[in-house]
Amino acid sequence: MTTPVPSVPSAAPSAASAASAGRLLVVDDEEGIRSMLTMALEFLGYQVTAAATGRQALQAVTRHHPDLILLDVNLPDLGGFEVCRTLRDRGNAVPVLFLTGLGGVDDRVRGLDMGGDDFVTKPFELKEVAARVRALLRRAGGTVPAPDRNRLRAGAVQLDADAHQVWAGERPVDLTTTEFALLRYLMENPGRVLSRGQIQERVWNHRDEGSGVVDTYIYYLRRKLGEPGQSLIRTVRGVGYQLCTN
């Protein structure tokens with residue numbers, strides 16, 4: 001593994017920022033990576049728990065209730081994809097950031113199909129990991145929006161940002177953290193054509209327009225929303241997507 005060891009920052013975070021940063025679970029069977037991530041993230045103010053195997057990870061989720069999991073794909077007992085799928089089957093929607101040496105589109109799509117939220121490819125830079133952690137935590141909790149934006153409606157679809165709930169007609173819709181963030185971004189921009197790059201920057205906090213991740217998540221949204229999603233979310237060929245207003 002060639003991921004560089006971080007240099008020590010010049011100043012530690014304040015006690016207030018440390019208390020509010022969030023709880024993280026780092027899962028990797030390589031002790032060097034696990035220790036390095038734990039040290040760096042704790043320095044940034046996060047409360048970090050570490051695990052070396054998939055089964056340890058599932059136990060740690062039950063015991064510590066993390067706000068986000070950094071999850072290695074290749075684990076010796078239960079792979080990261082399987083861990084993520086198990087959590088989703090249990091109804092646990094904690095955001096999952098996969099750590100992987102797999103760089104192919106098919107591998108990323110498989111991870112997203114299992115319920116993952118984002119990827120970092122090894123060897124990684126710690127500043128990229130930190131940025132993706134911040135972005136996922138913002139999407140999972142985020143700052144309180146203005147009152148008139150807490151509840152959004154588009155046709156038969158309603159979104160309650162405070163309660164983190166979505167309905168298609170009278171039917172509640174169970175969305176992952178990333179699916180919810182994507183739908184909210186579309187509903188906050190009705191009638192506007194949003195490019196894949198714009199969507200990635202807002203929802204994923206980075207651009208990788210060739211990855212197909214936006215198209216994959218639009219498919220998930222349409223499938224979960226049913227008929228309202230099929231008619232509301234329009235594909236603008238060669239550009240991106242638009243939430244229809246009529």
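This section describes the sheets, helix packing and salt bridges of a predicted model.

Local features were considered at pLDDT of at least 70 and side-chain atom pairs only at pLDDT 80 or more, whereas totals for chains, interfaces and linings use all residues. Residues are numbered from 1 along each chain as its sequence is written, and side-chain values use heavy atoms, with hydrogens and water left out.

Helices (DSSP runs of H or I, at least four residues) and strands (runs of E, at least two residues) are numbered from the N terminus. Two strands are taken as paired if DSSP finds at least two bridges between them. Under this criterion, 5 strands form an open sheet with parallel pairing, in the order S2-S1-S3-S4-S5. Strand S2 (47-51) and S5 stand at the edges with a single partner strand each, so one side of each is left without a neighbour in the sheet. Disregarding direction, neighbouring strands of this sheet are turned by 20 degrees against each other on average. Axes are lines fitted to C-alpha atoms, for helices over the stretch in contact, and angles run from 0 to 180 degrees between N-to-C directions. Strand S4 (residues 96-100) is joined to S5 in the parallel sense over 4 bridges, and phenylalanine 98 stands opposite phenylalanine 119 in S5. Helix H3 (residues 54-64) packs on the sheet and touches strand S1 (23-27), S2 and strand S3 (68-72), where contact means heavy atoms within 4.5 Å. The direction of H3 makes about 170 degrees with that of S1.

A further open sheet is formed by 3 strands in the order S10-S12-S11, with antiparallel pairing. Its edge strands are S10 and S11, each of which pairs on one side only. The twist from one strand to the next averages 30 degrees. Strands S11 (residues 233-236) and S12 (residues 240-243) run antiparallel and are joined by 4 bridges. Within this pairing, isoleucine 233 has leucine 243 of S12 as its bridge partner, and valine 236 is matched with glycine 240 of S12. The hairpin of S11 and S12 has 3 residues between the strands, and glycine 238 takes a positive phi near 80 degrees there.

Helix H9 lies across S11 and S12, running at about 150 degrees to S11. H9 (residues 213-225) also packs against helix H7 (residues 177-187) at an angle of about 90 degrees, with the axes 10 Å apart. H7 is therefore roughly perpendicular to H9, on a scale in which angles under 35 degrees count as roughly parallel, over 145 as roughly antiparallel, 65 to 115 as roughly perpendicular and the rest as oblique. The contact is made by Thr178, Glu179, Leu182, Leu183 and Leu186 of H7 together with Tyr217, Ile218, Tyr220, Leu221, Lys224 and Leu225 of H9. By class, this contact has 8 nonpolar, 1 polar and 2 charged residues. Here Ala, Val, Leu, Ile, Met, Phe, Trp, Tyr, Cys and Pro count as nonpolar, Asp, Glu, Lys and Arg as charged, and the others, Gly among them, as polar.

Side chains of opposite charge can pair when their charged atoms come close. With a salt bridge defined as a side-chain nitrogen of Lys or Arg within 4 Å of a carboxyl oxygen of Asp or Glu, the count comes to 13 salt bridges. One of them joins aspartate 118 and arginine 132 at an N to O distance of 3.0 Å. Aspartate 118 lies in strand S5 (residues 118-121) and arginine 132 in helix H6 (residues 126-140), so the pair ties together parts that are 14 residues apart in sequence. Both residues are buried, a term for under 20% relative accessible area, with exposed meaning over 50% and partly exposed in between (1.4 Å probe, protein chains only). The relative accessible area of arginine 132 is 11%.

Arginine 132 also forms a salt bridge with glutamate 128, the closest N and O atoms being 2.8 Å apart. These two residues are 4 residues apart in helix H6 and are thus separated by about one helical turn. Glutamate 128 is partly exposed at 31% relative accessibility.

Another salt bridge links arginine 202 with glutamate 188, with the closest N and O atoms 3.0 Å apart. Arginine 202 belongs to helix H8 (residues 196-204) and glutamate 188 to the loop between H7 and strand S10 (193-195), so this pair ties together parts that are 14 residues apart in sequence. Arginine 202 is partly exposed at 47%, whereas glutamate 188 is buried at 15% relative accessibility. In addition, Asp28, Asp72 and Lys122 are linked in a network of salt bridges.
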